[in-house]
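Please work through the exercises below with the sequence and the model open side by side. Each task is followed by a solution that proceeds step by step.

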Amino acid sequence: MIRLEDLLALPGATLLTAGPATFGNVKFDTRTLTPGDLFVALTGAARDGHAFITSAVHAGAAGVLVAMAPAQALPGVTVVQVPDTLVGLQQLAAAARQRFAGPVISITGSVGKTTTKAMTAAVLAAGHRPYANEASFNNHIGVPLTLLGINGAHSHAVSEIGTNHRGEIAALAALVDPDLAVVTTVGYAHLGNFSSREDLAAEKTDLLRAVRPGGHWIINADDPLIAAEVAGIDRPDVTRTTVGFTSGVEVRAVDVVISPAGTSGRLEVDGQTHPLTLPTPGRHVVASALFALAIGRYYGVAVPAGIAALQTMSMPAGRAQVRDFGGGLTVIDDSYNASPDAMLSGLDLLAALPGVTKVAVLGEMRELGDHSVTLHALIGTHAHGRATDLVTIGQATTALTAAAMAAGHNPTRMRTVDSARAALAATADLLTNSPRPAVVLIKGSRFMHTERVHLGLAGHRVTCPLPVCTLYINCRECPQLSS
């Protein structure tokens, strides 16, 4: 709950209109606002939230935070003006975090942030009352909203932090002020905005540097870039736990086996071995589970209880969800987003699942800068031998298909199209003429809307002709989607 006194404590705050003194949640999108919420009029390149103040009030906003006075009077609504609403939102969040007495866990990395966050919340719930951010709230807006969602009923908070430019993690970590930090991996995501992977590693490990005195790190012992950065951080006050698949780590997974039903293996920790079974297939899923179980262990959740909690959870939508469509067709819906690391993992999962026909539907990746050709080529080389058929979307995938052919992939088993709708048609045609059982991997950057392929195969009518959605929403939420 947000109080009027919290708003008036913001630097430069002025009360323009008196109204309610408390507010339920903080929202910047009128579509998600509920009666009693505080609406923050954020201003960005795409829209000015001040234009939606009237809509927010009609939706039941009890208060609004503005940078300029509303054009019309808002009787009965609290109106507070600050110099900059984004800065005000972040300052409000920083104050809320400092009022929270429980531990705050923060997670970053090139891939696996959201899955690790969801698994951590599930494990902690076996012995505590954790709060975790919604969806992928991991940027300069989402992180403050996460902190503002914590209340007195919560014992722990779990927040993910993302970045695509140098310095972003340090700024967001200053808001979060974590007690425990995790860097899942340092890969290739957003590499176009960094000078090198070493530069990206320094950015990711800024989260470790920000941990409170006496805090804790969970270290991916299998990532040499993380290990190199950790070795250069002088924090004798911080304790640490190592996790991974290699010998010598404190929380280790061994004998991992992947099947359509999930992933199995064994967990070695504290001199004991525990059977590990997860309902989602994929070695990368095991990696996220290791982080989550190590965090739970640190906060007193017994390892068997943590494993049991993971066995009942499902993956977030669009993240390596394996679905049996019947008729010998299995679909891996990994369409939420794509980085080179995640695409490599997706292809490994495609290869691990049984099937005669293996179709990889791959949309181009963004924010790779001068590395784009090299990294798309890396995916193409990796795809050969893991996929029998390739359907690629977008001009940047030219390097991908060229590399696949150079590796020996049959050019007659490749199709390049310009949109997800065209990819859906191409995939459906391939499946009509290919032997079963068949497995289809769907993966691409958010702007490619590769979820349209999954939705179409699932029987929905995908009618939108736009190659890129101006609303930047997932097609599952689109009013044009029908069944």
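The exercises move from the whole chain to one helix and then to local backbone geometry, and they rest on a predicted model.

**Exercise 1. Overall form**

Determine how the radius of gyration of the protein relates to the value for a compact globule with 483 residues.

*Solution.* Begin with the inventory of secondary structure, which comes to 16 helices and 22 strands. For 483 residues, a compact globule would have a radius of gyration near 23 Å, and because the protein has 23 Å, the two agree. The C-alpha atoms fill a box of roughly 70 × 55 × 40 Å when it is taken along the principal axes. Turning to the interior, buried residues make up 54% of the 483 residues, and among contacts with a separation of 6 or more, 63% are between residues 24 or more positions apart.

**Exercise 2. Surface and charge**

Describe what the protein exposes, and state how far apart the mean positions of its positive and negative charges are.

*Solution.* The exposed area is about 19200 Å², of which carbon and sulfur atoms supply 55%. There are 34 positive and 37 negative charges, and their mean positions are 5 Å apart.

**Exercise 3. The buried face of a helix**

Which residues of helix H11 (residues 303-310) are buried, and what covers them?

*Solution.* Taking buried to mean under 20% relative accessible area, the residues to mark in H11 are Val-303, Gly-306, Ile-307, Ala-309 and Leu-310. Seen down the axis of H11, these buried residues fall within an arc of 160 degrees, and therefore they line one face of the helix. The elements that cover them include helix H4 (113-124) and helix H10 (283-298), together with strand S15 (262-269) and strand S16 (272-278).

**Exercise 4. Uncommon backbone geometry**

Locate a cis peptide bond and two aspartates with a positive phi, and place each in its secondary-structure setting.

*Solution.* As background, most residues other than glycine have a negative phi, and most peptide bonds are trans. The peptide bond from Arg-436 to Pro-437 is cis, with omega near 5 degrees, and Pro-437 is placed in the loop between helix H15 (420-432) and strand S22 (438-443). Next, Asp-255 has a positive phi of about 55 degrees and lies in strand S14 (residues 251-259). Finally, Asp-270 has a positive phi near 55 degrees, and its setting is the loop between S15 and S16. With a relative accessible area of 52%, Asp-270 is exposed, because the cut-off for that class is over 50%.

Terms used: Residues numbered from 1 in each chain as written. Predicted model: local features only at pLDDT ≥ 70, side-chain atom pairs only at ≥ 80, totals over all residues. Heavy atoms only, no water. Helix = DSSP H or I, 4+ residues; strand = E, 2+ residues; numbered from the N terminus. Rg over C-alpha atoms; globule rule 2.2 N^0.38 Å. Buried < 20%, exposed > 50% of the residue type's maximum accessible area, 1.4 Å probe, protein only. Contact = heavy atoms within 4.5 Å. Areas by Shrake-Rupley, 256 points an atom, 1.4 Å probe, with all protein chains shown as cover. Lys, Arg positive; Asp, Glu negative; His and termini not counted. Charge placed at Lys NZ, Arg CZ, Asp CG, Glu CD. Arc of directions from axis to C-beta.
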